[in-house]
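This report describes selected side-chain environments, aromatic pairs and helix contacts. Please keep the sequence and the three-dimensional view at hand while reading.

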Amino acid sequence: MLRSPRSVRLVRLTVFPLLLAALAVALLAGPMVRPAHAEGTASSMDVQAQLGLDGVLKVQQKIVFSGSVPAQVTQRFALRQLLKQDSDRERVLQIGEFTAKAGGADVAVAEDRDSKAVTVTLPTNGATELELSYQVTGAVIAADYGTSALDVRLLQGLSLQVSEFTATVAVPAQLANIDCTAGPPGSEVSCDFAAGGTHDNPNPTFQDGPRGENEEVAIRVDFGPGAIAPNEQIETRWTLGRAFTAGPLQLGIALALLVLGGIALFALHRMAGADARPGGQVAKVGEFAPVGEGESEFRIVGDIRPGQVGTVVDERVDPIDVTASLLDLAVRGHLLITELPRESEFARTDWVLTRPANADAATLHPFEVELLDGLAASGGQVKVSELGDKVRASIDKVQDKLYDQVVSNGWYERRPDSTRNRWTQLALAGLIVAVVATGLLAAFTTFGLVGLALVILGLGLVFVAQEMPARTGKGAAVQAGLMALRSDLLSQPTDQMPPGQELRELSEVLPYAVVLGGAERWLDAIVATDADEDPDSTDLSWYHGPDNWHLRDLPDSLRNFIGTVAGNLFAR
């Protein structure tokens, strides 16, 4: 099998004026052209290689210099080569056993090796001939239909220009085909000459040139089935695209997980996170009952207090729930809130919480008793600024009693805090496992998409956990009643309270509005009852201000009170 040498193109100059112009340019440019630098040019490079039946290729190359000889020559041999048909995998070569001679005398070979390449440095000692011997393992690849092929670069990474390159490879078996490419790395241009496999020339021979510095000559020699066993080593490279391969199998498993997991999450939500149906019932919590023409008063139904309201609405005992309970206790006569005069213009406001000695505690809920006892003994008082560790410690007990009461009232089957915490911990643990699994799948397999599906399901479980636990049918009916009350608080006219009872009625509404919404409009209604310029320090039975305090100051005073109390009670 023989491939013809590269044809020579002839350019015929037929236009005389063009010839004269070219001659003139050459004469003008001649003085500026630098003489050619011959150092670093090899007049020839001859490679003699021998392939063994074990697939090991032994190579001897000889370089003959023309012109001045460089002090040293370097050559870089790539140890990894990407597979053309699969960019995520690469062939790993073992190249070593380097020996060298300069002018027939042995010289030391300096190696600089890493995982990608080995670079050798050869001293020339001024000799015009330089020889290098080495061997390559892993260059025999598996080809189609059980065949094999020698695929190797016989010229690569050389720090010289090569005028003429020749190579002969002694093979131990009948070859089936040969190929040769030359040029910059990755070039698909054929060599000048490649022949072999005939009776007169059984070993493949290759010729090319000239080749520039770091250019390559790569050969391939194909053998029949079973002639030479492949010894290539293939390693898979990690890439983001490979880790998250969107193949049919990967997509199928990921989609199946999402569908099945989504169904499981929905079922879990319906069984443990979705409220039971109230059966069309609405448990009325509060109402504005008509008492005359254009008059109404606020009434509580079922003795549901503001602290319980907030717990039923969002399944949590929040700072605002406890603070609203304090306001409610004050309105009902179990506590007096007294705003103290500021010590200076820029001093912080402080309040005294006084617990009357003659208040009837029989009507209090357990969480309200715990809250009052944590503040002060009957007949005692405490400043808001002095609500220290003693009072904060009682907050946990207040929350416990609130959670216990919503269960004992039949609004929840299980305590919201412990149930939600248990499910949240389980969901977070599942999410962490999913993230770790995604990392492992992406690092070692092509099933990263499966890991992402697990992460999505983990996030879904975290979301469902926040819906735990479900309200019972009775609790759902109370929830519906609270939403109806919220609508009333946001829409009910604030100027219809019975004459002479405005402050008492508006004050009873206020704690519920603080929890459910609409507090500003009810505070404005209280302010609107002030028809004179006299101080109103004690007009409210439950909130007293300094001597120069007016009802119009109540909105700012309460905002400061709520924020300060919540901060002091719940600070950790």
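A residue is called buried under 20% relative accessible area, exposed over 50%, and partly exposed in between, with a 1.4 Å probe and protein chains only. The model is predicted, so local features need pLDDT of at least 70 and side-chain atom pairs count only at pLDDT 80 or more, while totals for chains, interfaces and linings use all residues. Residues are numbered from 1 along each chain as its sequence is written, and side-chain values use heavy atoms, with hydrogens and water left out.

**Individual residues**

Helices (H or I, at least four residues) and strands (E, at least two) are DSSP runs, numbered from the N terminus. The table places three residues in these terms.

| Residue | Location | Relative accessible area |
|---|---|---|
| Leu132 | strand E11 (residues 129–137) | 1%, buried |
| Asn201 | loop between strand E17 (193–195) and strand E18 (205–208) | 28%, partly exposed |
| Thr446 | loop between helix H8 (416–444) and helix H9 (448–465) | 17%, buried |

Contact means heavy atoms within 4.5 Å. With neighbours within four places in sequence left aside, the contacts of Leu132 include Val59, Phe77, Phe98, Val120 and Leu122. Leu132 and Phe266 are 134 residues apart in sequence, and their C-alpha atoms are 71 Å apart in space. Asn201, not counting residues up to four places away in sequence, touches Ala195 and Gly196.

For Thr446, with neighbours within four places again left aside, the contacts are Arg242, Ala243, Phe244, Thr245, Gln250 and Leu441. The side chains of Thr446 and Gln250 are also joined by a polar contact of 2.8 Å. Such a contact is a pair of N or O atoms within 3.5 Å; within protein, one must be able to donate a hydrogen and the other to accept it, and residues adjacent in sequence count only if both atoms are side-chain atoms.

**Aromatic pairs**

Rings of Phe, Tyr and Trp (its six-membered ring) pair if their centres lie within 6.5 Å; planes under 30 degrees apart count as stacked, over 60 as edge-to-face and the rest as tilted. The structure holds 9 aromatic pairs. In one of them, Trp351 and Phe561, the ring centres are 5.5 Å apart and the planes stand at 75°, so the pair is edge-to-face. Because Trp351 lies in strand E24 (residues 351–354) and Phe561 in helix H13 (residues 554–570), this pair ties together parts that are 210 residues apart in sequence. Both Trp351 and Phe561 are buried. Trp542 and Tyr543 also form an edge-to-face pair, at 5.9 Å centre to centre and 70° between the planes. Trp542 and Tyr543 are both buried. Phe288, Phe298, Tyr512 and Trp522 form one aromatic cluster.

**Helix contacts**

Axes are lines fitted to C-alpha atoms, for helices over the stretch in contact, and angles run from 0 to 180 degrees between N-to-C directions. Angles under 35 degrees count as roughly parallel, over 145 as roughly antiparallel, 65 to 115 as roughly perpendicular and the rest as oblique.

Helix H10 (residues 473–491) packs against helix H11 (residues 502–516) at an angle of about 110°, with the axes 10 Å apart. H10 and H11 are therefore roughly perpendicular to each other. Leu482, Leu485, Arg486 and Leu489 of H10 meet Val509, Tyr512, Ala513 and Leu516 of H11.

The axes of helix H5 (residues 319–331) and helix H6 (residues 366–375) come within 11 Å and cross at roughly 85°, which means that H5 is roughly perpendicular to H6.
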